[in-house]
Structure formats: C-alpha cells, structure tokens
Amino acid sequence: MDISYNWLKQYIDIDLTPEETADKLTLSGLEVEGLEQIGSDFEGFVVGEVLEVKSHPNADKLQICDVNLGDKEVQIICGAPNVAAGQKVPVATVGSVMPVPMEDGSYLKIKKAKLRGEKSNGMICSESELGLSDDHSGIMVLNSDLKIGTPLKEALNVEKDTIIEIGLTPNRPDAACHVGVARDLSALTGKPLKNPYTDLTAKDGSIDEHINISIKDEDKCHRYVGMMVKGVEIKESPAWLKQRLSAIGLRPRNNVVDITNYVLHEIGQPLHAFDYDKIANKKIEVKTFDKNIKFTTLDDVERNVPKGSLFICDGNGPVAIAGVMGGENSEVSDSTTNILIESAYFEPSSIRKTSKSLALQTDSSYRFERGIDPEIQLKAAQRAAELIVELAGGEIVEGFTDAHPVKFEQREVTLRLSRINHVLGTSLSLKDAEKILNDLEFETTLSGKEELNCKVPSFRPDVSREIDLIEEVGRIFDYNNIPTPTTSPFFTPETLSETEVYHQKIREFARSLSYKEITTNSLLSQNEADVLADKELQIATLNPVSQENTTLRTHLYGGFLKSVRYNLNRNAENIRFFEIGHVFRNSDKDNSTWIKGVQEHTRLLMGVCGQKKTADWLGSKEPYSVFDIKSDLESLIRYLSIDKQIAREAVDNYTLHYTLDGKKVATLLQVDEEKLKSFDVEQDVFVAEVDLTTLFELGAGRTETTYSPVAKFPSFEFDAAFTVDKSIRAGELSSAIHKSADETLKSVSVFDVYEGKNIGEEKKSIAFRLTFLDPNKTLTIKDVEPKVQKIVQSLENDFGAKLRS
C-alpha cells in the first residue's frame, strides 16, 4: 500500500524526514518496505522561448536553437525533431541537475559544452527527461501563456514527494489510508491529528423521494448510505487532486471519479458514484442471485459472476458488483449532471469470496475484505459531496438515505496496569498508558485504582482483548524503550506426544534406508486431484489461492510425482524420497477426524525412480524395479514387528494392498502410464504409501522390543518347486505356505520362476526356499517332511499346485 509523504502532512505537522517517518512507522508495526522519491524541485529549470532554429553545420540530426530565458538569451544544441521557433519549452540551465538518474545511477549535471564544434549552454527537455512520463519522442511543449523565465516548478505545479510503501498486515485495515497512518504518527510524535472527518455532519432529512434504497441480503450488507448532488459539471480535476492521485499510482479520470478515489485513500471508505439519471425506476436494491450472472464491469470486461455474489441493482438489474467494481451501464460520463453517491459497509468474507472467484482485486475490495470502519459511511459520503460541489459545481440534495439493518456494537475491554508492566517489562504509569490509548482514539475511563475501561473505536476490528491493548501501548511506547532484562527464564521444552515419537521413529527408519525427506504442498490442482482419486473423495477449498492449489490431496504420491518431474528435468538419476504428511478425504460423520465430513490421516510415502546404480567400470546401469520398493516396505513391516499379522492382496499387476486386522494399512504400486503422463513423467515410478494413523491405532510397532536369544541349533532349508496356473501370484502361494505351516517355519523366499513348453501352456513353475528352525533341537528331514507334505496338500487343494521337486 502506497502512502504519499506530502499528502500525509495535510493531517499532521510532522518535522520528520521521510526516512525518519518510515523508521517510526516500522517500529510501530506498520512495516515500511520501501521509499520512492518522485517528482522534483526543478531547481535551475525555467520556462524558455525558442526564438530561432538553425541547422547544425556539422551534424544532420542536431539543430542550433536561440532560447530566451527571460534574463538572457542562450544558444542550446537540440536533437529533438519537434523543436520550432515560438515554442515555450522547459530548459535546464547550466548548473542544474537532471531529476532522472542515468543507467549507472548517477545524475547528469548540466554544463557548458561544445557539440560538434558549436556551443551549448543548457538543455531543452522532454517529458521523460523531467520524469513526468515515458514520452521521449520529442521535447515538451508548454502552454504558450506562460511567462518566460518562470521557474518550472511553478509552471508545472509539481512538487517533490516520497512514496512510502507499507506492507500492511490483514489485522490493520484502519491503516489502509492516509488518515489512519497519520493517526499512528500523531500518537508516536505527540503532534495533533487534523482529521477532516471529526466535525463533519450531514443535514438531517431524507432523499427517499428521489431514490428508493433497500437491502435484501442483510447478512452481506450491514449498511448502505446514499447522498445526491445535482447539477454537476464533469471535467478535468484540478492540479492538486491529480497530483495526489498520480503520486500513489492512480490515473486521474474526471473530477467526480477522482474525488471518490481521493476519499477512499484519505479515510479508507470505498465510494461509488452513479449517474443518477441512468438508474432505472430510481431504485437501488442490494441483493444476491441464486445463479451465475454475466456482468460487464467498468473496465469493459464481461465477467461471469458466481451465484451468491452481492450486487447493487436498479429497476432493470445489476449496476455494480458490490464492493468490487461498478458497471459500465451506470458509470459517470461527460454528460452526467446528477450524482448518486454510494457509501456502504459490506461483510468482509463475502467480498473476499467474490474478489477471489473473479481473480479481480480493486482498491475497494482490498479494504472491504479486511473490514472497514462501520461508522464512517455517512461522513465519507458527506465529505465526497462537499468536494464534488467545490470542484464540479451543483448543489447537495439535503438529507440522505441510511439503510442500516446491522448496527455496530462497540466493544469494551478492561486494561490492568500490572498486566501491562508484567507483559512489557516496563514501569509505565496509568496516565502513560491512558495517553497512548487516547491518542489512538480509544475512549478510556478509570474503573479502579490501576484499571482502565477502554471503548474500542469502530475502525479497530482487530482489538478485542486485554493483550491487544497492551500491544497498542507497547508499539507506541516504542519497543526500543523497553529495558533489556538482566535475567531470562529457563523453559523446558514440552515432551513430544506419543504420536510424534511414533512418526519420528518411522522417519529415522526411512532415513536409515537412504531415503531423502521431502515436504510437498497439501493442495493440488483440480486436474491433478482427478487423476489420483474419484470426485466424491475430494475436498475442494472455498477460496483457492491459485488454480494450481484448489483441492486437498487424497494421496501423498501426487506431490512425489511433481518432485520427480522437477528432479528429472534437472538431470537427477537416482530419486529416492520419503515424506510424512497428511491426506484428506470426504467421509461420513462417523469417520471424521477433526472436522465433520473430513477424514484426515497421516501417511508415510516412500518412492523411487531412475537408476539405483549408474553405469561404471563395475557394470552397466541398473534401474529401480517394484521389488526394490517392496523390499523396503517389507523391511518396515518387520521393523514394526507385524510381519506375521500382515495380509497381502494383489489388486492387479501394478498394485498390492497390505491389511492388518482387516484394515488397509499400506499400498505398494507401480504408477500407471496415465498418471505418469498427467504429471509429465517419462520414467517408471514405484511408491509405497503407509497409513501411519491406522498403524498407530492398531498398536503396530508400539510394543516394547524384547530380547530373544540366538538359536543354539541350525536351521533346515527345504527347496520345493510347484507348477501352477500363470494367473496365480507367488505372493498368494507364499501367504498360503505361512498359514498352513507351524511356528518352526521362519521364512519363505522365491528363488526361481520358470515357464516353458515342458510344463504346459498357461502354466509356470515357482521354486520356494523354506527355512525351518526349532529352538530346542536340530531338525532333520524326518522332522521337516511331514510339515512339507501338509504345505503341499494345502497348495494343491487351494490352488491346484503340483509339486515338481
């Protein structure tokens, strides 16, 4: 937000430099992000008259000009194509300094010089050289009525100014204007505030006979004030008004529109001026529609305004998007003679929602969505009406309309002196605190020996508690004045919760497998979200920051795929990432986590892509496969001591689900081509997502680790190959082997898969290595053979498997 230093001085007589003012404001909480000097004093610049123009004898593009400066005549060499005798022009005399810096940042000082052998005593300037515009096509030609020798500053009626750029936080809407900033400076410096609105009052009466104003949606429009001015003349604004608006980057339009902008930046109340004669049926209704509305705004753009947005309507329909922008069908034009001034209070969240949905932020919406002063509407309208009469003529129609369904309720907060000094570490008196708050326009009364009862002004919606008042006292007192304590308290950090310890345990395990941790955005674009999950599972944000971040993620691997794309585009070869983060899904109220209808779980993602081994003298490159990520997932399952309780179920050739006590706790998958294409990834990607919330609830890995002595007896390995249908997966057979064997079977591993004509078409042979171990004795073939026969019989019954060897 830009504040003009010169404009600021209309409301407070400060003797601080712009730099000192910026320091004061920053220390008080209004952080100044930059200072920009605009305009110039134009010292040494005068109005000159070109008497004669002659061609330069030694240069085709240069001309010799005889120029009258009022007190003398000088010769100036000029290269502008439009210079001509009889013109009044701006002249930089010898010794003056040009206001616009050169490319190296230095400023050109005008000296006597010779150009191609001819003397030049000054410079005839263009608008760009004077810093007035970007026009450098030729010299600036001044009004012919100007007196020769007049200082250029007086001729142009310009002034040197400094623009203070404030990074305004959302909690300070009162400072989104010059009076608001001046109020803080008044409290900081002790200089009185000259507020033009303090004693402003409108004449009693009603203008209902001229306009009928009604509010249909009172929850979105708390107040709507209307005033009228008749018989105005639309014309160019005076120089002082144009200067004020131009200084903060606004383009002057006409006197009436410029006045509404002036009041907006003066006091922070957005106004809108309607051409009264264009208002159909002389009726204004503030209402919403239950359907999308196409509406052409002042910038000549037809917009599709979503249903529920607030409109200002006349007898024929919408004439403005409330709090955002007016419509071209009621704008003030050169033929306008009667003005209806709108000054309203719109509910902040409603304006913000409309502004975001249209991707249209204006000076008005910027203030409405932060919360303006709900008590200034009438005074702002009166101020605008008086300025219109002053600059555009006409007369104010006595009275006003003030539709005010939602009244402002002033808050009262008690402030204790002991609490101020305890929090700030100061020794302030009650009078010190009272003066600071009074300077900020808080009304205070003594409610006890060391207590103040404070009425919060209407323009401070951010102040609601005692600590807020203490902050006000502290920032105006100046934090630099707060003494440094000689001792400091020692705080013992709060112990981590059981859940956090659990997640930390998982995090350390993933790192031990050489995974690098990443953190990705919990929001995806709608297209990305559609690729990963069905619509009914998705949760969309109401006011997305951008189209790339609209929908809460249902899986972690969407963010992983974006990280893969980013790294592959930068020639990364070995991508091995993990993330612990939240996923969100639509659910019924019984499965909700924190918010009704939203299930939020914490998950672990482990993902690989690229080459696990690059080509070198030891051998060729080796890409990752699904078995690499499966090996790591199985390691995690063993680490959590749930390997014997986990059930594995293959969904298809790309996906494997892991369940514990009937609940899905992990998914292993190779990302399919459609998803890879959607995320612009051209290499195979393998991921495992583990539901840590469900695992934690089921107690996985939460039991204490117990010591088991190393077995004194050797294990017994038995190899068995089975012929089965090609459609049967090794994992299914492995699970069945575990179920049919007793506790002496310690592990099952696949060491060979064979397909060939000698075992039949649509058949395959899978060879398993079964490892048996008895802690009490050495097993022999006689001990193992019955166990194997039981396994063979089980596989034959369930899968039609035949033992080959």
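**Close-up views of a cavity and an open sheet**

**View 1. Residues lining the largest cavity.** Leu 633, Leu 636, Ile 637, Leu 640, Ile 642, Ile 646, Tyr 658, Val 665, Ala 666, Val 690 and Leu 695 line the largest cavity of this predicted model. The volume of this cavity is about 50 Å³. A search of the whole structure for cavities of 30 Å³ or more returns one. By residue class, the lining comprises eleven nonpolar residues, no polar and no charged ones.

**View 2. Secondary structure around the largest cavity.** Helix 16 (626-639) and strand 35 (663-670) each contribute at least two residues to the lining of the largest cavity. Helix 16 gives the most, with three residues. Among the lining residues are also Tyr 658, Val 690 and Leu 695.

**View 3. Open sheet of five strands.** The strand order in this open sheet is 11-14-17-18-19, and the pairing is mixed. Strand 11 (212-215) and strand 19 (325-326) are the edge strands, each pairing on one side only. Strands of a sheet pair through backbone hydrogen bonds, in either a parallel or an antiparallel arrangement.

**View 4. Pairing of strands 14 and 17.** Within the five-strand sheet, strand 14 is followed in the order by strand 17. Strand 14 spans residues 283-288 and strand 17 residues 310-314; the two pair in the antiparallel sense over four bridges. Thr 288 stands opposite Leu 310 of strand 17.

Technical notes:
Residues numbered from 1 in each chain as written. Predicted model: local features only at pLDDT ≥ 70, side-chain atom pairs only at ≥ 80, totals over all residues. Heavy atoms only, no water. Pairing = 2+ DSSP bridges. 1 Å grid on protein atoms, 1.4 Å probe; cavity = no way out; pocket = protein on both sides within 12 Å on 5 of 7 lines; lining within 4 Å. Points joined across faces, edges and corners; volume = space filled by probe spheres on them. Nonpolar A, V, L, I, M, F, W, Y, C, P; charged D, E, K, R; others polar.
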